[in-house]
Amino acid sequence: MKRYVPGMICMLLAGLAVAAGPGAIRKQIEASMLVTGAIDVAPDGTVSKYVLDRPDRLSPEVVTLIQRSAAIWRFKPVLADGKAVPAHASMSLRLVASRQDDGNYVARVKGAHFGDDVPGETISQKQQRPPEYPRSAIQAGVAASVYLLIHVGRDGRVTDADAEQVNLQAVASDADMRAWRKLFANVSKQAVRDWTFNLPTQGPHVADAGWVARVPIQFRLRKNGVIEDDYGVWQAYVPGPKEAVVWMGPTGGPEDEKNGVADALPDGGVYLVGSGLTLITPLDRS
């Protein structure tokens, strides 16, 4: 469900550049917003209710966009003892505004994650040390969002880690953009390899030989020593390419990526691949 967004996004995008990037890079710039909430699904897979976090921070255009998109959503019914039952889940939505050939910007729901939030049925962080923000990136004013795929073994330790995608709040040459993405990906992978996790204690994944999960990591610049609260605010960025993850096998990634899950996850969590509600209709009616 594409919706035209206010012209102020044009000014936001114009102010993003940290270097004189080529026109091809500038054309890739999008404005993005992550909206969180919760959703209730009826036994037949239709949406019975949803709520958005901090609605006072969201513009009427954003609320309408989500409302019209949610109206077409249908989920795979959740079964208990062979019978379809109501379901409740957390919800995170990645909204994106992209420039069209006529110069206008239209917004859509690009990605979503619908978690099931059942305590004890997923892995959780036990010990972690966040990655250090690269000093060279701070000096250059480059912020980034890194989306990792990790594999956790039965001992609760990370056995594999790779970046699915790295989005940058920066514009530079192709070579510089690749270098920044590699830098942020490397420091993130190095950090998570030392993390340990609590294992599931119940549910369908308790006996798995290992677990694949997504870990989003945000590198955000401070202004006057403070990280600003940007919930409900359009943020300009250059989306990175979706990278194949070799240890995932021939497909290079999980099947659930069809809903754009990789960059639709809030920072600070660990999201088990293969868990949560399954959307069977498009996210957005274009």
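The legends below describe close-up views of a predicted model.

**View 1. An open sheet of 4 strands with antiparallel pairing.** The strands of this sheet follow the order β10-β9-β12-β14. Its edges are formed by β10, which spans residues 158-169, and by β14, which spans residues 271-272, and each of these edge strands pairs on one side only.

**View 2. The pairing of β9 with β10.** Strand β9, made of residues 143-153, runs antiparallel to β10, and the two are joined over 10 bridges. For a reader who wishes to follow one of these pairings at the level of residues, Ser 145 has Asn 167 in β10 as its bridge partner.

**View 3. Helix α5 lying across strands of the sheet.** Helix α5, which covers residues 174-192, lies across β9, β10 and β12, the last of these being residues 210-219. Relative to β10, helix α5 runs at about 145°.

**View 4. Phe 184 and its aromatic partners Tyr 133 and Phe 219.** The structure holds 6 aromatic pairs, and one of them is formed by Tyr 133 and Phe 184, whose rings meet edge-to-face with 6.0 Å from centre to centre and 75° between the planes. Because Tyr 133 belongs to the loop between β8 (124-127) and α4 (135-140) while Phe 184 belongs to helix α5, this pair ties together parts that are 51 residues apart in sequence. Phe 184 also forms an aromatic pair with Phe 219, and this one is tilted, with 4.9 Å centre to centre and 55° between the planes. Since Phe 184 sits in helix α5 and Phe 219 in strand β12, the pair links parts that are 35 residues apart in sequence. Phe 184 is buried, with a relative accessible area of 0%, and Phe 219, at 4% relative accessibility, likewise counts as buried, the cut-off for this term being under 20%.

**View 5. The buried residues of helix α3.** In helix α3, which is made of residues 60-70, the buried residues are Val 62, Leu 65, Ile 66, Ser 69 and Ala 70. Around the helix axis these residues cover an arc of only 125°, and they therefore lie on the same side of α3.

**View 6. An aromatic cluster of Trp 73, Phe 75 and Phe 114.** This view shows three residues, Trp 73, Phe 75 and Phe 114, which together form one aromatic cluster.

Terms used
Residues numbered from 1 in each chain as written. Predicted model: local features only at pLDDT ≥ 70, side-chain atom pairs only at ≥ 80, totals over all residues. Heavy atoms only, no water. Pairing = 2+ DSSP bridges. Contact = heavy atoms within 4.5 Å. Axes fitted to C-alpha atoms, helices over the stretch in contact; angles between N-to-C directions. Buried < 20%, exposed > 50% of the residue type's maximum accessible area, 1.4 Å probe, protein only. Arc of directions from axis to C-beta. Phe/Tyr/Trp six-rings, centres within 6.5 Å; stacked < 30°, edge-to-face > 60°.
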